[in-house]
There are 2 protein chains.
Amino acid sequence: MTGFAARLTDAIRARNSVLCAGIDPHLDLLPPLFQQKNMTEAVRDWAFELIPLLAGQVPVIKPQAAMFERLGPSGMTMLASLSQAAMAEGLMVIMDAKRGDIGSTAAAYAEAWLGHEAGFASDALTINPYLGRDSLEPFAEKAQKSKAGLFTLLRTSNPGSADIQMLQSIEKKPVFHHVADMIRPFMESMVDASGFSSFGVVIGATWPDEQAALRKMLPECLFLIPGFGAQGASASDALAGLVKGPEGWEGGVVNSSRGLTMPAEANEARNLTDWRAAIRSATSQTIQALR
Amino acid sequence: MTGFAARLTDAIRARNSVLCAGIDPHLDLLPPLFQQKNMTEAVRDWAFELIPLLAGQVPVIKPQAAMFERLGPSGMTMLASLSQAAMAEGLMVIMDAKRGDIGSTAAAYAEAWLGHEAGFASDALTINPYLGRDSLEPFAEKAQKSKAGLFTLLRTSNPGSADIQMLQSIEKKPVFHHVADMIRPFMESMVDASGFSSFGVVIGATWPDEQAALRKMLPECLFLIPGFGAQGASASDALAGLVKGPEGWEGGVVNSSRGLTMPAEANEARNLTDWRAAIRSATSQTIQALR
């Protein structure tokens with residue numbers, strides 16, 4: 001198996017799409033067609049129906065771990081099988097679990113969530129940098145062993161991300177630039193044949209100027225870009241940190257969750273055929289908008 | 001049910017002990033007595049045996065979510081039942097899962113992990129502040145509803161915690177003091193009859209001077225103090241941020257994991273009777289050291 005960055009770049013080029021489909025099963029927004037008493041079953045039916053519609057269209061999906069954890073242990077069992085099913089259909093999987101801890105505990109999270117053989121199998125995992133450089137090492141080590149990727153939270157899409165991430169340091173730069181400096185050695189050591197690194201960052205689509213500046217600071221970095229659509233960022237905002245490759249945009253993926261998997265037309269569908277058509281249509285429109 | 005801070009303070013006073021027993025099932029350190037092919041079963045046997053030995057001795061346990069996640073979905077199912085079993089024996093449970101996200105995703109984590117009715121039932125949860133104030137709101141809201149507590153990572157026990165947490169801001173104070181300022185309104189709004197707040201912080205036993213300084217900054221704050229024992233901090237280091245109450249130390253708990261649940265004598269035990277005696281002895285010695 002090639003490295004994560006090479007696999008993702010190949011998948012992006014093959015589909016000429018940087019769209020990442022966020023699988024966020026908001027229980028209160030689940031289409032009426034799928035509602036049933038057992039919420040885990042309802043989410044399972046909805047999520048497993050999405051997989052074949054997304055396969056071949058988008059390079060990667062991003063399940064939101066929180067929404068599965070909310071269902072308790074049965075939700076976690078379902079998340080593990082959903083990830084396997086997606087991989088079997090040729091989709092890559094970024095687990096959005098935002099884990100972070102130190103030493104042997106970080107190593108345990110890495111074992112749990114990184115690589116195709118993990119209990120919660122993935123191609124990549126989101127992680128939190130607040131605990132410092134030594135807290136990232138066990139993740140980087142396991143990612144390299146299992147040819148998986150990492151996306152460290154850098155500048156998130158929410159307004160409150162300014163509270164800590166934008167604090168000015170005595171060197172007159174924001175805290176998230178210090179985080180960028182901290183991760184640079186990991187990032188540089190994980191560049192593969194694609195020219196990109198399997199150690200990436202999360203930066204919100206809501207901050208296009210900062211995306212462009214970060215691209216200059218970390219040219220080989222893969223960006224995971226949330227906040228497009230539902231959180232108000234336009235397609236050109238979302239693309240501000242990506243680069244033009246031979247087939248189109250590359251260097252990262254732009255996530256869309258609700259806009260793709262819960263569009264109004266799909267929620268109003270009275271049968272599976274109409275629901276599928278609505279999801280297909282929302283997916284191709286979003287892919288087009290991001291080209 | 002009274003608030004988390006009141007329940008924890010009562011439990012501390014009743015036992016005259018601030019010891020929190022960390023349940024960290026390191027797979028490679030599990031005593032030979034419990035080793036078996038199915039690792040989830042091995043961990044289950046070990047952890048469920050610990051519960052009655054700790055009940056009545058320590059006020060609270062702290063399962064390390066990562067070590068259960070590492071076992072995959074079966075580990076998560078076991079974690080949920082372990083927490084229920086501990087509560088049934090009168091132990092309080094702090095889930096050490098270090099969750100953090102924004103908006104509805106943070107709300108989903110809060111639903112999953114906070115309160116006795118949650119899928120992963122707890123009395124309190126550890127959370128990560130890097131995403132800012134708005135990312136903490138859904139946790140605070142759910143904690144208040146379910147009479148649960150929160151411990152925000154502030155200054156962690158690892159050396160690398162200096163990388164971000166100790167960065168000096170342009171106002172010449174470390175980032176973790178800005179985090180302390182950010183959480184103050186939550187902390188103040190969640191003080192109960194005990195005089196302490198159900199919105200607490202994590203500060204490493206390895207930083208006694210900073211603990212003492214933080215106690216002045218946040219007098220009503222409960223401290224969750226890791227790093228005692230295995231990570232090198234002494235009992236007096238670990239107690240530096242606590243306060244003397246009518247029965248002894250209070251205002252937080254000091255965590256010990258391996259030193260308590262995997263002492264050398266217990267690991268050498270050839271039968272359950274000897275193992276239990278070794279755990280009991282390690283527990284009472286540690287309680288004594290922290291008085």
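User: Which elements do the buried residues of H6(A) pack against?
Analyst: This is a predicted model. Helix H6 of chain A covers residues 133-145. Its buried residues include A:Leu136, A:Phe139 and A:Ala143. They pack against H5, E4, E5, H8 and E6 of chain A, together with helix H7 (162-165) of chain B.

User: How far apart are the end C-alpha atoms of H6(A), and what span should its 13 residues give?
Analyst: The expected span uses 1.5 Å a residue. For H6(A) that gives 18 Å, which agrees with end C-alpha atoms 19 Å apart.

User: Which residue just after H6(A) takes a positive phi?
Analyst: The helix ends at residue 145. Just after it, a phi of about 55° is found at A:Lys147.

User: In which sense do E4(A) and E5(A) pair, and over how many bridges?
Analyst: E4 spans residues 124-127 of chain A. A:Leu125 stands opposite A:Leu150 in E5(A). The two strands pair in the parallel sense, over four bridges.

User: What is the hand of the β-α-β crossover from E4(A) to E5(A)?
Analyst: The chain leaves E4(A), passes through H6 and reaches E5(A). This crossover is right-handed.

User: What residue is the bridge partner of A:Arg155 in E6(A)?
Analyst: E5(A) also pairs with strand E6 (residues 197-203) of chain A. That pairing is parallel and has five bridges. In E6(A), the partner of A:Arg155 is A:Ile203.

User: Why is strand E5(A) described as largely enclosed?
Analyst: E5 runs over residues 149-155 of chain A. It is largely enclosed by the rest of the structure because its buried residues number seven of the seven.

User: What is the radius of gyration of chain A, and what does the globule rule give?
Analyst: Chain A has 13 helices and ten strands. Its compactness matches a globular protein of 291 residues, because the two values are close: 18 Å for the chain and 19 Å from the rule.

User: What share of the residues of chain A count as buried?
Analyst: The C-alpha atoms fill a box of roughly 60 × 40 × 40 Å along the principal axes. Of the 291 residues in chain A, the buried share is 59%.

User: Which helix gives the largest share of the side of chain A that touches chain B?
Analyst: Contact with chain B involves 51 residues of chain A and 51 of chain B. Several helices of chain A each supply at least two residues to that side, among them H4, H6 and H8. The side divides into 23 nonpolar, 19 polar and nine charged residues. The largest share is seven residues, from H5(A).

Note on methods. Residues are numbered from 1 along each chain as its sequence is written. Chains are lettered from A and ligands numbered from 1 in the order in which they are written. This is a predicted model: local features need pLDDT of at least 70, side-chain atom pairs count only at pLDDT 80 or more; totals for chains, interfaces and linings use all residues. A residue is buried if 20 or more other C-beta atoms lie within 10 Å of its own, exposed if 12 or fewer, and partly exposed in between; C-beta atoms are placed from the backbone. Two strands pair if DSSP finds at least two bridges between them. A crossover is right-handed if, with the strands pointing away from the viewer, the path from the first strand over the helix to the second runs clockwise. Two residues are in contact if their C-beta atoms, placed from the backbone, lie within 7 Å. Ala, Val, Leu, Ile, Met, Phe, Trp, Tyr, Cys and Pro count as nonpolar, Asp, Glu, Lys and Arg as charged, and the others, Gly among them, as polar. The radius of gyration is taken over C-alpha atoms; the globule rule is 2.2 Å times the number of residues to the power 0.38. The expected span of a helix is 1.5 Å times one less than its number of residues.
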